[in-house]
Amino acid sequence: MSDSAQTAESSSDEAPLSAVLLDIANHGEPDISIGELTEKFGGRAIGALLFIFGLACMLPLPPGASTIFGLPLVLLAPQLVIGASAPWLPDRVTSRRLSTADLRAALPRVVPWLRRLEAVSRPRLTFLFGSLGERLIGLVCLVLAVVLILPIPGGNFLPAMAVSALSFALIQRDGVIALAGYLLAVASAGVLVLAAHIIVTLFLHVWQAFAPA
């Protein structure tokens with residue numbers, strides 16, 4: 001790697017995530033590839049991409065959108081589980097280009113509240129981010145990502161919020177936010193179990209009502 005590339009990666013690692021997102025929004029070209037986005041995040045690319053796709057799954061998008069944004073999560077989360085230091089995505093994904101105008105319209109809405117989170121966040125309970133801790137975050141995010149790609153009406157918000165919290169905690173090395181992410185993951189599981197119980201109960205009632213005596 002050249003000195004200039006190492007310097008760019010080091011500066012991107014040191015800059016707050018909100019500053020990197022603003023830099024992406026102010027990208028001078030009409031579009032930017034996902035591969036170029038990954039480079040801008042430097043050594044934090046896996047966590048940053050998990051965070052961005054997690055946020056995307058939280059948006060009130062048309063049915064099926066969480067499946068589209070959840071698929072990259074299914075690819076990225078296992079890379080934390082195996083301890084990868086840099087993300088791998090298929091060439092057809094990294095070469096896909098995004099409109100800079102669309103990013104410029106969306107990202108500035110995210111940055112203000114992200115800055116507020118960064119202002120109160122700091123490295124703490126860092127033992128949660130050891131080798132085992134990062135693998136656990138990857139495993140939980142993988143389970144949540146599988147939930148996100150399922151066609152469950154209204155079932156994407158809590159899992160997506162949990163992924164966003166855990167990935168942001170990973171970037172900031174903030175164990176308090178990580179614990180909040182784990183609580184959101186548990187809450188997601190509880191809601192899904194309750195929803196499944198209600199659906200099965202309703203199905204059994206309907207079956208009993210229409211089944212021959």
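**Entry 1: Arg 173**

How exposed is Arg 173, by its relative accessible area? I looked this up before anything else. The model is a predicted one. Arg 173 has a relative accessible area of 28%, so I list Arg 173 as partly exposed; the band for that label lies between under 20% for buried and over 50% for exposed. I then placed Arg 173 in the loop between helix 9 and helix 10. I also noted its backbone: phi of Arg 173 is positive, about 60°, although Arg 173 is not a glycine.

**Entry 2: Asp 174**

I moved on to Asp 174, which lies in the loop between helix 9 and helix 10. Is Asp 174 buried or exposed? Its relative accessibility is 0%, so I count Asp 174 as buried. I asked next which residues Asp 174 touches, not counting those up to four places away in sequence. I wrote down Ser 121, Arg 122, Arg 124, Phe 129 and Ala 169.

**Entry 3: Ser 121**

Ser 121 was on the list for Asp 174, and I followed it up. Ser 121 sits in the loop between helix 7 and helix 8. With a relative accessibility of 10%, Ser 121 falls under the 20% limit and therefore counts as buried. Leaving aside neighbours within four places in sequence, I found Ser 121 in contact with Phe 168, Gln 172, Asp 174 and Ile 177. For one of these, Gln 172, I also have a C-alpha to C-alpha distance: Ser 121 and Gln 172 are 6.9 Å apart in space and 51 residues apart in sequence.

**Entry 4: Leu 125**

I stayed in the loop between helix 7 and helix 8, where Leu 125 is also placed. Phi of Leu 125 is near 50°, a positive value, and Leu 125 is a residue other than glycine. Its relative accessible area is 35%, so I record Leu 125 as partly exposed.

**Entry 5: Asn 156**

Where is Asn 156? I found Asn 156 in the loop between helix 8 and helix 9. Asn 156 counts as buried because its relative accessibility of 18% is under 20%. A polar atom of the Asn 156 side chain lies 2.5 Å from the backbone oxygen of Cys 57. Cys 57 appears again among the contacts of Asn 156, with Leu 59, Ser 66 and Leu 148, once neighbours within four places in sequence are left aside.

**Entry 6: two pairs far apart in sequence**

I checked Ala 65, which is in helix 5. Ala 65 counts as buried, since its relative accessibility is 12%. From C-alpha to C-alpha, Ala 65 and Pro 151 are 9.7 Å apart, with their positions 86 residues apart in sequence terms.

I then checked Ala 101 in helix 7. Ala 101 has 47% relative accessibility, so I put Ala 101 down as partly exposed. The C-alpha atoms of Ala 101 and Glu 29 are separated by 9.6 Å, and the two residues are 72 apart along the chain.

**Entry 7: the whole chain**

After these single residues I looked at the chain as a whole. I counted 10 helices and two strands. From the N terminus on, I read the elements as α-α-β-α-α-α-α-β-α-α-α-α. The chain has 213 residues, and 39% of them count as buried. Of the contacts between residues at least 6 apart in sequence, 76% join residues at least 24 apart.

**Entry 8: the nonpolar core**

Which members of the largest nonpolar core touch the most other members? I noted Leu 17, Leu 21, Ile 24, Phe 41, Leu 73 and Ile 137, out of 51 residues in this core. Several helices each supply at least two residues of the core, including helix 2 (17-25), helix 3 (34-41), helix 5 (65-81) and helix 10 (175-210).

**Entry 9: helix 2 against helix 3**

I took helix 2 and helix 3 as a pair. Their packing angle is about 145°, and their axes are 10 Å apart. I recorded the crossing of helix 2 and helix 3 as right-handed. On the helix 2 side, Leu 17, Val 20, Leu 21, Asp 23 and Ile 24 take part; on the helix 3 side, they meet Leu 37, Lys 40 and Phe 41. By class, I have six nonpolar, two charged and no polar residues in this contact.

Terms used: Residues are numbered from 1 along each chain as its sequence is written. This is a predicted model: local features need pLDDT of at least 70, side-chain atom pairs count only at pLDDT 80 or more; totals for chains, interfaces and linings use all residues. Side-chain values use heavy atoms; hydrogens and water are left out. A nonpolar core is a set of buried Ala, Val, Leu, Ile, Met, Phe, Trp, Tyr and Cys residues joined through side-chain atoms within 4.5 Å. Buried means under 20% relative accessible area, exposed over 50%, partly exposed in between (1.4 Å probe, protein chains only). Helices (H or I, at least four residues) and strands (E, at least two) are DSSP runs, numbered from the N terminus. Axes are lines fitted to C-alpha atoms, for helices over the stretch in contact, and angles run from 0 to 180 degrees between N-to-C directions. A crossing is left-handed if the near helix is turned anticlockwise from the far one by less than a right angle, and right-handed if clockwise. Contact means heavy atoms within 4.5 Å. Ala, Val, Leu, Ile, Met, Phe, Trp, Tyr, Cys and Pro count as nonpolar, Asp, Glu, Lys and Arg as charged, and the others, Gly among them, as polar. A polar contact is a pair of N or O atoms within 3.5 Å; within protein, one must be able to donate a hydrogen and the other to accept it, and residues adjacent in sequence count only if both atoms are side-chain atoms.
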